[in-house]
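Please look first at the sequence and the model shown here, and then follow the paragraphs below, which walk through the two chains step by step.

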Amino acid sequence: METTEVIEEGGNITVERAGEETRKLSFNNGLCAVCGLCEEICPVEAIEVNPTGAMIRTEQETSKITIDEGKCVLCGMCSSICPFQALDLQIDGTSIKEIPGYPQLLKSAEIDEEECINCKACETACPQDAITITRDLPERKDLITGEIEIDKDTCIYCGICEEMCPADAIEIDYEEPTSINPVIASDINVDEDKCVHCGICKRVCPVDAIMEVCRICPYGEYEIELKPEITGTSYIDPELCVNCGWCQEICPVDAAKVTKPFEGELILHEEKCQGCETCVMVCPCNVLSFPKPEKPGEKPEKLHKDEKFCIYCGACEKSCPVDAITVKRNSINYTPTRSKAWQNAFESLIK
Amino acid sequence: MPKHIISGLRYLAAVNLTKQGHTQKEVANRLGINRSTVSHYLNGRNLSIRSIEVAKVITELCPRDFLLLTYALLQDTNKTRTIIKACQRRKFKASVKSSCIGCGICIDSCLMKAIKLDELKAEIDSEWCCGCLICVEMCPTNSIEIEEVED
């Protein structure tokens, strides 16, 4: 019944105890945001978060936390509270996140595919690169119709149309002229899948060899049946998502819905802040930023927060070297548990 | 010699189990020995009186020594818990406080297999508790209380 610990290269840690049941705690260093909730909740003081500032700045590969296998009893509290999925306790191969009875943080992020217009705003805004939008775009030729024809007998292969075509639809097969065959090109072709019938080639052709007509233009603003649907799928990586709410905020059609694990208040003590930016680097939710100075040498404005995106994990407070940030947690959203000890442990994080 | 002491312990267990109303067949099954051996034991044959005397002393040791010594002799959890259960005269009442975090350390440490987890809380079957207090010592949150009760 010995507890063993393995620290892998890259900082991942596993702590294991094989007895009546096999308990295995896995720590994923890459997912850890150094918030310190595991350290706070651990009932046996087995976890210690290593100094954050230095680690963030130097991008070290060492473990962000230390687990004392002599103290760890593999109860799983750290695994249940971690909002970043960095810790996971498995009992006989099943994560306690799937075992009924264990309290689970209530947090989610979903994109309603019915509403989503595949604009990718969320994908761009997501601070954790957790969102992937795959969209199927229609072919250009399905959006525009027309005719184009090049009179190859008239064409002098000057290449002006090829150079000016905005859709790269024209291709000339150039040749080295010889005394037997004194031509500079043998053929010119239009890729009708690419052509958008803009008419530029026709207008620039010095010998009027191109005939082109757009069939859509005469309709002007009148809608004709040429608006194919843009379809797509969205995926939020549950491992990477931190439920910050950026996607929900930025979505132009309210298709994203986020439930945050904690509620609270983020308080900045401006008078203490020295502007070191550690908090900005640590924050997994892009809540904090320093506005850029307008002129060189100008002192930047004070630390700016947008609390809409804060999940009150406490990473900024933990990392601030001058105690200029206070994170107050008012409530934790979690599934009820019959265990008084677990309930007390969760409630103890409300401050 | 260990073998003889084990026989002594089995003898005592067989006598107690018979007193409790178990048939020779049941006793044989529980102790993992054949029926004729049980019959020999109960008739006082094939066993030196010294072995029984030593075994008796062992059963009267403090519960932890009784348990650990028996386990050292038998090297088998199931056989150990059967002997202990049959020979331990003292009774204990175990309770788990609400401060239990369900880590399962007690379960792994209990040689009597008297503990299981129910919804993140350890539950101790007092019927099987031998009073060794190993779980009490191992519990990281001091959540286990064991007291001796009058039979």
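Which residue follows α2(B), and what is the sign of its phi? The residue that comes after α2(B) is Gly32(B), and its phi is positive, near 70 degrees. Before going further, note that this is a predicted model, in which local features need pLDDT of at least 70 and side-chain atom pairs count only at pLDDT 80 or more, while totals for chains, interfaces and linings use all residues. Residues are numbered from 1 along each chain as its sequence is written, and chains are lettered from A and ligands numbered from 1 in the order in which they are written.

Chain B contains eight helices and four strands, where helices (H or I, at least four residues) and strands (E, at least two) are DSSP runs numbered from the N terminus. Along the sequence these elements follow the pattern α-α-α-α-α-α-β-α-β-β-α-β. The C-alpha trace of chain B spans about 50 × 30 × 25 Å along its principal axes. Its radius of gyration (taken over C-alpha atoms, with a globule rule of 2.2 Å times the number of residues to the power 0.38) is 17 Å, which agrees with the value near 15 Å for a compact globule of 151 residues. Of the 151 residues of chain B, 40% count as buried; a residue is buried if 20 or more other C-beta atoms lie within 10 Å of its own, exposed if 12 or fewer, and partly exposed in between, with C-beta atoms placed from the backbone.

Helix α2 of chain B, residues 24-31, has Val27(B), Ala28(B) and Leu31(B) as its buried residues. These cover an arc of only 100 degrees around the axis, which puts them on the same side of α2(B), the arc being that of the directions from the helix axis to the C-beta atoms. An α-helix has 3.6 residues a turn, so residues three or four places apart point the same way. The cover over the buried residues of α2(B) includes α1, α3 (35-42) and α6 (77-87) of chain B.

In chain A, helix α10 offers a similar topic, with Ala341(A), Trp342(A) and Ala345(A) as its buried residues. They cover an arc of only 95 degrees around the axis, which puts them on the same side of α10(A). The buried residues of α10(A) pack against α1 (37-41) and α3 (77-81) of chain A.

Chain A also has an open sheet, in which five strands follow the order β1-β2-β3-β6-β7 with antiparallel pairing; two strands pair if DSSP finds at least two bridges between them. Its edge strands are β1 (3-7) and β7 (94-95) of chain A, each of which pairs on one side only. Within the sheet, six bridges join the antiparallel strands β2 (residues 13-18) and β3 (residues 22-27) of chain A, and Arg17(A) has Arg23(A) in β3(A) as its bridge partner.

The contact between the chains takes 19 residues from chain A and 16 residues from chain B, two residues being in contact if their C-beta atoms, placed from the backbone, lie within 7 Å. On the side of chain A that touches chain B, helix α10 (residues 340-347) of chain A gives the most, with three residues.

The largest nonpolar core (a set of buried Ala, Val, Leu, Ile, Met, Phe, Trp, Tyr and Cys residues joined through C-beta atoms within 7 Å) has 117 residues, and those with the most contacts inside it include Cys38(A) and Cys106(B).
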